[in-house]
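Trainee: Could you take me through one part of this model up close? I'd like to see how a charged side chain sits in its surroundings, and then how that spot fits with the rest.

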Amino acid sequence: MANIEIRHRSTGAVLYAGDGESVCEVVAAAVQGGADLYGADLRGAGLRGANLGEAKLGGADLGGANLGEAKLGGADLRGADFGGADLRGADLRGTNLGGADLRWADLGGAGLRGAGLRGADLRGACLRGADLRGANLGEAKLGGADLGG
């Protein structure tokens with residue numbers, strides 16, 4: 001086991017530190033413990049299938065991260081950067097993604113029912129097969145997004 005630190009994306013301050021086999025394990029423990037990971041630097045993190053429901057990850061940098069099949073229901077992801085992230089099949093029901101950067105993210109088959117995507121940037125994102133029923137897409141940028149069924 002290693003001690004893994006989760007740092008703020010711009011200040012470098014330690015937001016959470018814990019022992020674990022992987023970043024995924026430590027992030028999940030932080031979320032389950034109610035840690036506020038606002039602004040966390042999780043670029044390229046391997047979080048596939050992680051249980052991150054109710055996470056406080058607003059303003060976090062998750063660019064290029066693998067969040068496929070992750071459970072993020074009810075999470076606060078306002079203003080987070082998911083540019084180029086893999087969110088295929090992720091459960092994002094009821095999440096707040098207002099103002100999030102989802103450019104070129106793969107949300108194929110993701111569950112976004114009732115998600116708040118107001119003002120989110122989805123340009124170039126893949127939304128094929130995503131469940132967007134009841135999602136708030138007001139002021140969202142969708143240029144070049146793949147909305148095919």
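Mentor: Here is a walk that starts at one aspartate and then moves outward. Keep in mind that this is a predicted model.

Let's start with Asp121, in the segment after α1. Is it buried or exposed? Asp121 counts as buried because its relative accessible area is 8%, and the cut-off for buried is under 20%. Leaving aside neighbours within four places in sequence, Asp121 is in contact with Ala100, Asp101, Leu102, Arg103 and Lys141.

What does the charge on Asp121 do? Side chains of opposite charge can pair when their charged atoms come close. Here the side chains of Asp121 and Arg123 meet in a salt bridge, at 2.5 Å from N to O. The arginine has another setting from its partner: Arg123 is partly exposed, at 37% relative accessibility, while Asp121 is buried at 8%.

Now look at two of the contacts of Asp121, namely Asp101 and Arg103. Those two form a salt bridge with each other, and their closest N and O atoms are 2.6 Å apart. Asp101 is buried, with 16% relative accessibility, and Arg103 is partly exposed, with 36%. Put the pieces together and you get a network of salt bridges that links Asp101, Arg103, Asp121 and Arg123.

For a further pair of this kind, go to Arg88 and Asp86. Their salt bridge has its closest N and O atoms 2.6 Å apart. Asp86 is buried at 15% relative accessibility, and Arg88 is partly exposed at 42%. Over the model, the count comes to 14 salt bridges.

Next, follow Leu102, another contact of Asp121, into the nonpolar side of things. The largest nonpolar core has 49 residues, and Leu102 is listed with Leu52, Leu67, Phe82, Leu87 and Leu107 as touching the most other members. The elements that give two or more residues to this core are β1 and α1, and α1 provides the largest share, six residues. Leu107 shows what the packing looks like from one residue: leaving aside neighbours within four places in sequence, its contacts are Leu87, Leu92, Leu102, Leu112, Leu122, Ala125, Cys126, Leu127 and Ala130.

Then there's α1 itself, residues 23-32. Its buried residues are Cys24, Val26, Val27, Ala28, Ala30 and Val31, and what covers them includes β1 and β2. After α1 comes Gly34, with a positive phi near 80°.

Those two strands make an antiparallel pair: β1 (residues 2-7) and β2 (residues 14-20) are joined over six bridges. Within the pair, Glu5 stands opposite Ala17 of β2. The hairpin has six residues between the strands, and Gly12 takes a positive phi near 80° there.

Last, the surface. Leu137, in the segment after α1, is partly exposed at 32% relative accessibility. Together with Leu142 and Leu147, Leu137 makes a nonpolar surface patch of about 230 Å².

So, to return to the start: Asp121 is a buried residue whose side chain meets that of Arg123 in a salt bridge, and both belong to the network with Asp101 and Arg103.

Key: Residues numbered from 1 in each chain as written. Predicted model: local features only at pLDDT ≥ 70, side-chain atom pairs only at ≥ 80, totals over all residues. Heavy atoms only, no water. Pairing = 2+ DSSP bridges. Helix = DSSP H or I, 4+ residues; strand = E, 2+ residues; numbered from the N terminus. Buried < 20%, exposed > 50% of the residue type's maximum accessible area, 1.4 Å probe, protein only. Contact = heavy atoms within 4.5 Å. Core = buried A, V, L, I, M, F, W, Y, C linked by side-chain atoms within 4.5 Å. Patch = residues over 30% accessible without salt bridge, like charges linked within 9 Å, V, L, I, M, F, W, Y side chains within 5 Å. Areas by Shrake-Rupley, 256 points an atom, 1.4 Å probe, with all protein chains shown as cover. Salt bridge = Lys/Arg side-chain N within 4 Å of Asp/Glu carboxyl O.
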